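Take a walk through one protein model. The stops are a sheet, a pocket, some cysteines and a few unusual backbone spots.

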Amino acid sequence: MRIKAALGIWLLVITLAWMAVVPAMPGVQPLVDAQGAATGWWQLRQHALYLTGLWSIGLMALAMVLALRLPWLERPLGGMDQVYRLHKWAGIGAAVTAVAHWGAKESGGWIKALWGRAGKPGHDAVLPWLTDARGLAKDLGEWAFYLLLAMVAVTLLTRLLSYRPWRLLHRAMPLLFLALALHTVALMPLAFWALPLGLLMGTLLALGSLAALWSLAGRIGSSRSHQGRIHAVRALGDGGPLAPVEVVCALPASWPGHRAGQFAFVRFDRAEGQHPFTIASAPGSLGRSDQGEPLLRLVIKPLGDYTRTLGQRLRAGQRVDIEGPYGRFDGRGRQQRQQVWVAGGVGVTPFLALLEARQPGAAPARAHAQPVHMHYCTRDAARDPLLPRLRQLCAQAQPPVRLSVHDDARGQRLTPQALEATAGPLDIWFCGPQGLGELLAAHAGGARAWRLHRESFAMR
């Protein structure tokens with residue numbers, strides 16, 4: 001809901017600012033007048049052309065700023081994973097409104113074919129020092145529009161590309177924004193630069209352009225990035241090609257520490273770039289290395305083209321760059337609600353850290369904790385390498401954590417209806433497969449008011 005509300009408010013603010021400066025129309029005009037002039041159609045086309053253009057560049061500016069991973073945005077949006085969800089949907093919205101903008105532009109052809117040019121308004125005055133750049137701005141905007149559509153299509157169809165070429169392609173987005181910003185500045189009517197729209201668009205274009213330049217310079221997250229080393233690495237379970245890999249990282253003194261349930265952007269290979277991984281250990285639970293470096297654990301499941309190779313590529317002593325920590329998946333809820341944790345597959349990793357924070361000796365971290373009923377969904381409990389550790393942590397947790405295991409190999413699938421047996425209003429913390437998350441989200445709006453906290457790592 002926060003994502004939808006944020007996008008709706010963003011578009012509403014742009015629309016209201018546009019309505020404040022758009023020239024007033026003398027009453028309702030017919031689309032085609034008695035003389036056969038399509039004056040009304042031309043005016044409707046002009047309004048649609050400008051409003052969709054403002055929506056598109058406004059959403060692109062929002063996407064550029066969100067890509068900076070600003071920590072202060074986590075609180076209002078519910079975590080950095082939600083910041084990235086808003087970034088993704090802002091980009092998709094920018095592409096959709098850009099299509100509408102292009103359609104409004106091309107509609108001039110069929111208006112002329114049906115009714116001729118009669119009633120067509122002349123070119124609006126633009127900023128005087130950019131009058132001669134009108135043609136270049138139009139061409140630049142058209143080519144940037146086609147490239148934007150191609151990039152958004154590739155983003156949505158992520159299976160077409162592995163992560164590395166997708167990442168390189170995505171890095172061209174700031175260049176497209178700068179081209180479209182020039183298109184906007186050169187073609188926006190002079191009257192639109194009056195308050196409040198002029199101030200709003202000037203601010204958005206400036207912030208978006210600065211964010212784009214910051215991204216092109218490779219500075220995103222630089223102030224929160226820490227160079228460490230791999231302290232230890234091992235495959236869990238049977239050590240097969242699909243076994244999770246446990247990576248213990250030793251970090252420098254500059255690492256600010258983390259809260260249980262947070263994640264970090266981790267880079268083992270400069271050419272590959274960063275990937276988000278949950279920190280699967282509570283603060284201080286692993287102690288320090290012989291050199292006094294704080295240690296933290298990552299548990300990485302080989303799900304993609306990159307993570308499948310990590311078990312063979314990583315070695316103790318290798319450099320690792322960790323940016324963060326980020327996220328607000330802290331397992332804290334209201335006292336009057338029953339805590340329910342739902343984990344599926346590798347989605348158990350934030351809960352491992354939350355459980356470690358409940359172990360004997362971790363009293364400060366347990367100050368606001370509540371009893372929990374945890375549901376763990378696994379494909380095969382008999383072969384699950386994380387389940388023994390999970391059972392041990394739940395057995396020792398204080399306040400207590402009651403564990404229910406749902407073994408898919410034995411037909412024990414968790415359904416939202418099964419959670420109805422838990423009395424009272426629920427605080428549900430979920431991390432796992434998208435399908436189960438969608439089912440829980442749909443059920444959360446039912447008769448019983450469930451409050452669903454959902455960790456999402458769909459970063460592309």
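The report below starts with the sheet and ends with the backbone. Keep in mind that this is a predicted model.

**The sheet**

Six strands form an open sheet. Their order is β4-β3-β6-β1-β2-β5, and the pairing is antiparallel. From one strand to the next, the twist averages 40 degrees.

Which strands stand at the edges? They are β4 (275-278) and β5 (295-300). Each has a single partner strand, so one side of each is left without a neighbour in the sheet.

Now look at how some of the strands are joined. The table lists three antiparallel pairs, each with an example of residues that face each other as bridge partners.

| Strand pair | Bridges | Example partners |
|---|---|---|
| β3 (263-267) and β4 | four | F263 and T278 |
| β1 (225-235) and β2 | six | I230 and C249 |
| β2 and β5 | six | E246 and V299 |

Strand β2 covers residues 245-250. Is β2 mostly covered or mostly open? It is mostly covered: six of its six residues are buried. In a regular strand, side chains alternate between the two faces of the sheet. In β2, V245, V247 and C249 lie on one side. E246, V248 and A250 lie on the other. Residues on both sides are buried, so both faces of β2 are covered.

**The second largest pocket**

Next comes open space. Rolling a probe the size of a water molecule over the atoms shows where empty space is left. The second largest pocket holds about 960 Å³. It is lined by 34 residues. Closest to its centre are L49, H101, K105, K138 and L187.

Where does the lining come from? Four elements give two or more residues each: α2 (39-66), α4 (80-115), α5 (134-156) and α7 (173-187). The largest share, nine residues, comes from α2. By type, the lining divides into 14 nonpolar, 11 polar and nine charged residues.

**Cysteines without a bond**

A disulfide is a covalent bond between the sulfur atoms of two cysteines. How many disulfides does the structure hold? The count is zero.

Take C377 as an example. The nearest cysteine sulfur to C377 is that of C431, 12 Å away. The cut-off for a disulfide is 2.5 Å, so C377 is in no disulfide. C394 is also in no disulfide. For C394, the nearest cysteine sulfur is that of C377, 13 Å away.

Both cysteines are covered. A residue counts as buried under 20% relative accessible area. C377 has 15% relative accessibility, so C377 counts as buried. C394 has 6%, so C394 counts as buried too.

**Backbone spots to find**

Two cis peptide bonds are worth finding. One joins G324 and P325, with omega about 5 degrees. P325 sits in strand β6 (residues 319-326). Another joins Q398 and P399, with omega about -5 degrees. P399 is found in the loop between α11 (387-396) and β9 (401-407).

Finally, turn to R69. What is its phi? Phi of R69 is near 55 degrees, a positive value in a residue other than glycine. R69 belongs to the loop between α2 and α3 (74-77). Is R69 buried or exposed? R69 is buried, with a relative accessible area of 8%.

Key:
Residues numbered from 1 in each chain as written. Predicted model: local features only at pLDDT ≥ 70, side-chain atom pairs only at ≥ 80, totals over all residues. Heavy atoms only, no water. Buried < 20%, exposed > 50% of the residue type's maximum accessible area, 1.4 Å probe, protein only. 1 Å grid on protein atoms, 1.4 Å probe; cavity = no way out; pocket = protein on both sides within 12 Å on 5 of 7 lines; lining within 4 Å. Points joined across faces, edges and corners; volume = space filled by probe spheres on them. Nonpolar A, V, L, I, M, F, W, Y, C, P; charged D, E, K, R; others polar. Pairing = 2+ DSSP bridges. Axes fitted to C-alpha atoms, helices over the stretch in contact; angles between N-to-C directions.
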